[in-house]
Amino acid sequence: MNLIMLGPPGCGKGTQAQRLIDKYGIPQISTGDLLRAEVKNGTELGKEADKYMKAGGLVPDQVVVGMIKNRLAQTDAQKGFILDGFPRTVPQAQALERALTEAGTPLDAVLNFKVSDEMVIKRLTNRLVCSSCARPYNLAFKPPRVEGVCDVCGGKLALRSDDDEGTILRRLEVYRRETEPLVLYFWERGLLRDIDAEAPEQVVFDRTIEALSDLLDVDG
Ligand code: AMP
C-alpha cells in the first residue's frame, strides 16, 4: 500500500503513521526525520537544510526530492510506504508522481488529517520526541511512562528546536500557503480521504483504519 499522510504540523500524522507501521509493517518515510538525521550527522545536505528548518521554512524542492527518491529506491520501500511530511509543495507532488509512474508503483490514497490552528499550537508546544527512534510524545495528551525516557527504546526525549511558538506559527503559515493546495491537487486525482483529526489518538487511529478499510482488506 502506497500512502501519503497530509496535514499541518502537529495534526498527528507522524503518530498515526507509526501506528500503521506497528500494525501493518509498512515503512514510514518522514522527510523531517531524514533531514534531522542529516543535520545530526553534520552532512553538507544537513548544513544546508538546517538554515531553513530553524526558521520554520521549507527546504528547497530539489534537495528534498533527491533525498526522497534515494529513500524510495531502497528495498524495504518496494512493498509499500507511508510518506509523512512529503510532498509539501505542488512541484514536489509532481516530481513524486513522475517517479512513482516510472517505478510502476502508483499512490493508493492520500489521508488528509484536519485540525484547527489552536489544536496545532496546543499539541506542538507540549511535544517531546525521542532523540533515538523519533517517536512523538505529548506532555498534555500522551506523556511517557518515565519522565524524559522513550517507552519503546529507552532513548532520551527532547523538545524539537522548531517547536517554539514563533516557529510553529511560521510553519503553520507556510503549510497553509505552500502545502494546503495539495488537498485540491490530490482530490482532483481521486486520491483524497479526509480524516477529522481533532480527537484522541485512538479515535483518530480508528478513523484512519476505517478510511483505509478497502485497501487494508486487500493488502492485509
Ligand atoms: P516535519 O518533521 O515534517 O515537521 O519537518 C520539519 C522541517 O523539515 C520542516 O519545517 C521543513 O523545514 C523541513 N521539511 C520536512 N519535509 C520537507 C519537505 N517535504 N519539503 C521541504 N522541507 C521539508
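**Entry 1: T31**

I began with T31 and asked whether this residue is buried or exposed. T31 has a relative accessible area of 3%, so I noted it as buried. I should say at once that I am reading a predicted model. T31 sits in helix α2. Next I looked up which residues T31 touches, leaving aside its neighbours within four places in sequence. My list for T31 reads V64, M67, I68, D84, G85, F86 and R88.

**Entry 2: the start of the chain**

I went to M1 next, which lies in the segment before β1. With a relative accessible area of 9%, M1 is buried too. I then checked M1 against P106, 105 residues away along the chain. Their C-alpha atoms are separated by 9.3 Å.

**Entry 3: the nonpolar cores**

Which residues touch the most other members of the largest nonpolar core? I found L72, L83 and F186, in a core of 29 residues. I then looked up the elements that supply at least two residues each to this core. They are the strands β1 (2-6) and β3 (81-84), along with the helices α3 (44-54), α4 (61-72), α5 (90-103) and α8 (181-188). Helix α4 gives the most, with 6 residues. A general point helped me here: in soluble globular proteins, nonpolar side chains tend to be buried together.

I stayed with F186 for a moment to list its contacts beyond four places in sequence. F186 is in contact with I4, L6, P87, A93, L107, V110, L191 and L192. I also found a second, separate core, this one of 27 residues. Its members include L3, F113, L172 and L216.

**Entry 4: the second largest pocket**

How much space lies in the second largest pocket? I noted about 510 Å³. I counted 19 lining residues for this pocket, and R36, A37, K40, S131 and R160 lie nearest its centre. The elements that give two or more residues to this lining are α2 (31-40), α3 and β5 (127-130). Helix α2, where I had already placed T31, gives the most to the lining, with 5 residues. I sorted the lining residues by kind and got 9 nonpolar, 3 polar and 7 charged.

**Entry 5: the cysteines**

How many disulfides are there? My count came to 0. I wanted to know why C130 has no bond to C153. The sulfur of C153 is the closest cysteine sulfur to that of C130, but at 3.6 Å it is too far for a bond, because a disulfide needs the two sulfur atoms within 2.5 Å. C133 is in no disulfide either. For C133 the nearest cysteine sulfur is again that of C153, 3.8 Å away.

I compared how C130 and C133 are placed with respect to the surface. C130 has 3% relative accessibility, so I wrote it down as buried. C133 has a relative accessible area of 31%, so I wrote it down as partly exposed.

**Entry 6: L139**

My last stop was L139, in the loop between β6 (136-138) and β7 (157-158). Not counting residues up to four places away in sequence, L139 touches N126 and L128. I also checked L139 against R171, 32 residues apart from it in sequence. From C-alpha to C-alpha, L139 and R171 are 21 Å apart in space.

Conventions:
Residues numbered from 1 in each chain as written. Predicted model: local features only at pLDDT ≥ 70, side-chain atom pairs only at ≥ 80, totals over all residues. Heavy atoms only, no water. Helix = DSSP H or I, 4+ residues; strand = E, 2+ residues; numbered from the N terminus. Contact = heavy atoms within 4.5 Å. Core = buried A, V, L, I, M, F, W, Y, C linked by side-chain atoms within 4.5 Å. Buried < 20%, exposed > 50% of the residue type's maximum accessible area, 1.4 Å probe, protein only. 1 Å grid on protein atoms, 1.4 Å probe; cavity = no way out; pocket = protein on both sides within 12 Å on 5 of 7 lines; lining within 4 Å. Points joined across faces, edges and corners; volume = space filled by probe spheres on them. Nonpolar A, V, L, I, M, F, W, Y, C, P; charged D, E, K, R; others polar.
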